[in-house]
Amino acid sequence: MDLESSNGILPLWAQLPASAVLLIILGLALRMVSGRNARFVIFACWFRFMLSAFHVYTFQKVAAGLSVNALGSAGLFVLGLLILPRTLLLSKSILSAYLVLLVIVVSALATGTVTQAFEPIMKFGLLIVVALNCFQGLRIENERRFGIATVLSFSPLLVFQAISLLLNISKTDSLSGTRNFIGGYDHEAAFSVALIGLFIVAGVSRAIPRALKVPIVPITVVSVLFANYRTAILAMVPLLIYYALYGISRFFGKSLRPLVVAVSGFAMVVVGATALFSLERFTDLRTVIEAKQPLIQRPDEFSIDDRALLNGRSLIWSSYYYKWKDDGGQTEHLVGFGPDSWKEFFNVYAHNSFVDFLFEYGLFGVLVLFIMVGNGLLMAWNTGVQRWKMVSAHLSFLALNLATMPMWLVEGLLLYGLLWGYTMFYRMERKLSYRLVEEPPFVPALVT
């Protein structure tokens with residue numbers, strides 16, 4: 001059947017039966033775990049993906065200028081907060097996320113944009129509660145069952161995308177003409193970021209059985225390719241490289257593995273560079289790498305061809321930067337123009353988390369964003385035997401931030417929350433193993 005559509009919206013006669021099946025899958029996933037923290041994580045992911053799939057209805061504003069989507073996210077934040085142990089909220093591992101909340105509040109007060117601060121505060125609050133509930137769920141639950149249940153919570157993405165492929169319903173980019181099969185989502189960015197979440201969860205969880213992990217990782221890669229969002233494709237590279245090297249090295253003895261990894265890594269660089277310099281999809285990247293065009297320059301200096309560079313991202317980044325630099329005073333340079341202030345000056349968001357933080361929260365905002373991302377990488381480095389896998393996953397998320405804004409999307413914050421929760425858990429296990437060797441057996445179980 002061919003119902004080709006330029007907006008990608010799925011018909012209700014296809015969505016509603018699929019939703020009934022997905023509700024059954026949610027029930028099965030919830031039954032796999034017993035604790036409320038784990039169940040919250042599973043429900044939060046599933047519920048958000050369902051809301052976004054019905055964006056025609058859930059984007060409508062219904063109360064206090066808030067949409068059903070926004071109210072749903074706020075409800076998830078409150079629910080996740082209520083079920084958390086209060087002592088866990090004081091974990092040192094999550095303090096860098098509180099710094100982001102602090103900068104948002106300071107920026108809002110300094111720029112008189114207090115009413116606009118609600119949504120960003122709620123979003124980053126949701127990041128915190130998802131991370132802590134994921135961490136708590138991993139501590140309490142059977143890790144294998146929790147991992148499988150979490151993967152099942154992403155089922156709306158794959159099911160709705162399968163429907164869009166079967167019915168040949170895609171969203172067509174008006175500029176490039178590319179087709180994006182995104183399962184009824186409003187934008188390929190949110191859908192692709194959510195898929196990266198599935199890719200990372202399946203990738204970093206050590207307890208998910210190989211029979212599930214082996215197919216789910218390539219299925220996710222193919223799904224991202226059908227979504228056709230170049231930023232997400234590139235963001236998968238660090239974790240894909242890790243798994244390729246890990247898979248190859250397992251066939252050799254420990255003494256040969258460093259050499260095998262080095263040779264294989266070099267071969268991957270050669271293959272990747274060849275693809276980058278030959279595939280038409282990455283022409284813009286070749287232009288940037290060859291330094292034919294500076295990424296940041298004054299907007300009025302862009303030629304017609306320059307404006308199309310990186311799908312217009314270079315122009316967008318430059319516009320944000322020079323607006324902040326030229327039109328901002330000392331207050332704006334330090335704390336930005338305020339939360340969500342970009343909507344007052346631009347028609348499109350910044351497509352880069354660091355550029356956005358610079359514009360909205362100033363130099364302090366960029367500083368705390370670096371602190372938070374750096375803290376995540378440092379925790380990943382301290383996860384012991386999980387080190388390279390977790391660092392690769394964090395690098396994938398960092399790469400995503402360089403050409404889109406996952407921290408502006410609830411889907412992106414769910415992804416980062418899950419990654420943060422797993423990182424905290426594996427780091428805690430490593431610290432606990434050290435203490436069990438150095439201290440008496442009665443050492444406390446919770447070490448964050």
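**Exercise 1.** Work out whether Leu 334 is buried, exposed or in between, and what it belongs to.

*Solution.* Start with the number: in this predicted model, Leu 334 has a relative accessible area of 33%, which makes it partly exposed. The cut-offs show why: buried means under 20%, exposed means over 50%, and partly exposed sits in between. Next, find its place in the chain: Leu 334 is part of helix H17, which covers residues 330-335. Finally, look at its company: Leu 334 helps make a nonpolar surface patch of about 660 Å², along with Leu 99, Leu 102, Val 106, Leu 363, Phe 364, Leu 367 and Ile 371.

**Exercise 2.** Find out which elements give two or more residues to that nonpolar patch, and which gives the most.

*Solution.* Two helices give two or more residues: H5 (95-111) and H18 (353-381). Now pick the top contributor: that's H18, with 4 residues.

**Exercise 3.** Decide how many disulfides the structure has, then check Cys 45 and Cys 134.

*Solution.* First, recall what you're hunting for: a disulfide is a covalent bond between the sulfur atoms of two cysteines. Searching the whole structure turns up 0 of them. Take Cys 45: its nearest cysteine sulfur belongs to Cys 134 and is 8.5 Å away. Flip it around, and the nearest cysteine sulfur to Cys 134 is that of Cys 45, again 8.5 Å away. The cut-off is within 2.5 Å, and neither Cys 45 nor Cys 134 is in a disulfide. Last step, check the surroundings: Cys 45 counts as buried because its relative accessibility is 1%, and Cys 134 is buried too, at 0%.

Conventions:
Residues numbered from 1 in each chain as written. Predicted model: local features only at pLDDT ≥ 70, side-chain atom pairs only at ≥ 80, totals over all residues. Heavy atoms only, no water. Buried < 20%, exposed > 50% of the residue type's maximum accessible area, 1.4 Å probe, protein only. Patch = residues over 30% accessible without salt bridge, like charges linked within 9 Å, V, L, I, M, F, W, Y side chains within 5 Å. Areas by Shrake-Rupley, 256 points an atom, 1.4 Å probe, with all protein chains shown as cover. Salt bridge = Lys/Arg side-chain N within 4 Å of Asp/Glu carboxyl O.
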